[in-house]
Amino acid sequence: MNAKRRPIIAGNWKMNMTATQARDLASKLIPLVSGVKDRDIVLAPTFTSLQTVAEAIKGTNVALAAQNLFWEDKGAFTGEISAEMLLDSGCKYVIIGHSERRQYFGETDETVNKKVRQALNKGLLPIVCVGELLSEREAGKANNVIDRQITGALKGVTAAEMQKIVIAYEPVWAIGTGKTASPDQANEIHAFIRQKVKAMYTAEVADWLRIQYGGSVTPDNVSQLMAKPDIDGALVGGASLKPESFAALVTFK
Ligand code: PEP
């Protein structure tokens, strides 16, 4: 962590919980984190729970994110959700390009970029996910993959818009596997991303950019990860599904 950057901890609930269960989780979480003032807390329920969770967190220090959006404004795109719909449901953030979307739903650097630009145009704050596969890491190509994903995702994004973006580094081999990147391994890629953003924009833009780590973050390993200078928060899957464990994560020391 760097004192200049405000940490951001987000829970990605993925395709879990009905709206009733989601409301219950949010309501239990709020009193556990209500005293947290020095970091951003974000919940990303599934689309059908957005409005319910928005009501549960109204007036609190917890913000709402969607897990995806479509890049067109509206129209004949059966099954898709627009930025306007997300804003109307109370979203502030939107997760874009999660590795599960890339892996199972054919998202590419190009579609990720279209979504990033649509989110920015409409006033949503993108949490842009990047990360290498295990085979890519083993082949020594992690940096190349991250370089390509960052270049692709940020095409046409201005320096001013970069202030609205959060990057989440999520090595695919660490997501939901219980295998966390070591704090040094994670920080190395975070520093690489910051250097890359510095080269694309300015040192100032790179300095302010918040980069979350994601991949089997738990209350047990969060503090060591967050102690690293280029890690500014966490994107959390499994451990965000229980109020106590997510609260323990959010309140890391
Ligand atoms: C994620 O899906 O973004 C994630 C990091 O999941 P988990 O924490 O379960 O590894």
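**Group meeting talk: the ligand site, the cores and one helix**

I will start at the ligand, where one of its oxygen atoms is 2.7 Å from a polar backbone atom of Ser 216. Of the 300 Å² of accessible area that the ligand has on its own, the protein covers 95%. Please keep in mind throughout that what you see above is a predicted model.

Staying with the ligand, 14 residues surround it, and the closest are Lys 14, Glu 170, Gly 176, Ser 216 and Gly 237. Sorted by class, this shell has eight polar, four nonpolar and two charged residues. Besides the contact at Ser 216, a polar side-chain atom of Glu 170 lies 2.6 Å from an oxygen atom of the ligand, and a polar backbone atom of Gly 176 is 2.7 Å from an oxygen atom of the ligand.

Let me stay with Gly 176 for a moment. If you look for Gly 176 along the chain, you will find it in the loop between β6, residues 166-169, and α9, residues 183-200. Is Gly 176 buried or exposed? Gly 176 counts as exposed because its relative accessibility is 74%, and the cut-off for exposed is over 50%, with only the protein chains taken into account. For a sense of distance, the C-alpha atom of Gly 176 is separated by 19 Å from that of Ala 247, which is 71 residues apart from Gly 176 along the chain.

Now to the interior. The largest nonpolar core has 67 residues, and among these Ile 193 and Val 197 touch the most other members. Helix α1, residues 19-33, gives this core its largest share, namely six residues. What does Val 197 touch, if we leave out residues up to four places away in sequence? The answer is Ile 150, Leu 154, Met 162, Thr 202, Val 205, Ala 206 and Leu 209. There is also a second, separate core of 14 residues, and its members include Ile 8, Ala 65, Ile 95 and Leu 125.

My last stop is helix α2, residues 50-57, in which Leu 50, Thr 52, Val 53, Ala 54 and Ile 57 are buried. As general background, an α-helix has 3.6 residues a turn, so residues three or four places apart point the same way. The buried residues of α2 pack against α1, against the strands β2 (40-44) and β3 (62-66), and against α3 (83-88). After α2 comes Gly 59, whose phi is positive, near 75°.

Note on methods: Residues are numbered from 1 along each chain as its sequence is written. This is a predicted model: local features need pLDDT of at least 70, side-chain atom pairs count only at pLDDT 80 or more; totals for chains, interfaces and linings use all residues. Side-chain values use heavy atoms; hydrogens and water are left out. A residue is near a molecule or strand if one of its heavy atoms lies within 4 Å of it. A polar contact is a pair of N or O atoms within 3.5 Å; within protein, one must be able to donate a hydrogen and the other to accept it, and residues adjacent in sequence count only if both atoms are side-chain atoms. Accessible areas come from the Shrake-Rupley method with a 1.4 Å probe; for residues, only the protein chains shown count as cover. Ala, Val, Leu, Ile, Met, Phe, Trp, Tyr, Cys and Pro count as nonpolar, Asp, Glu, Lys and Arg as charged, and the others, Gly among them, as polar. A nonpolar core is a set of buried Ala, Val, Leu, Ile, Met, Phe, Trp, Tyr and Cys residues joined through side-chain atoms within 4.5 Å. Buried means under 20% relative accessible area, exposed over 50%, partly exposed in between (1.4 Å probe, protein chains only). Helices (H or I, at least four residues) and strands (E, at least two) are DSSP runs, numbered from the N terminus. Contact means heavy atoms within 4.5 Å.
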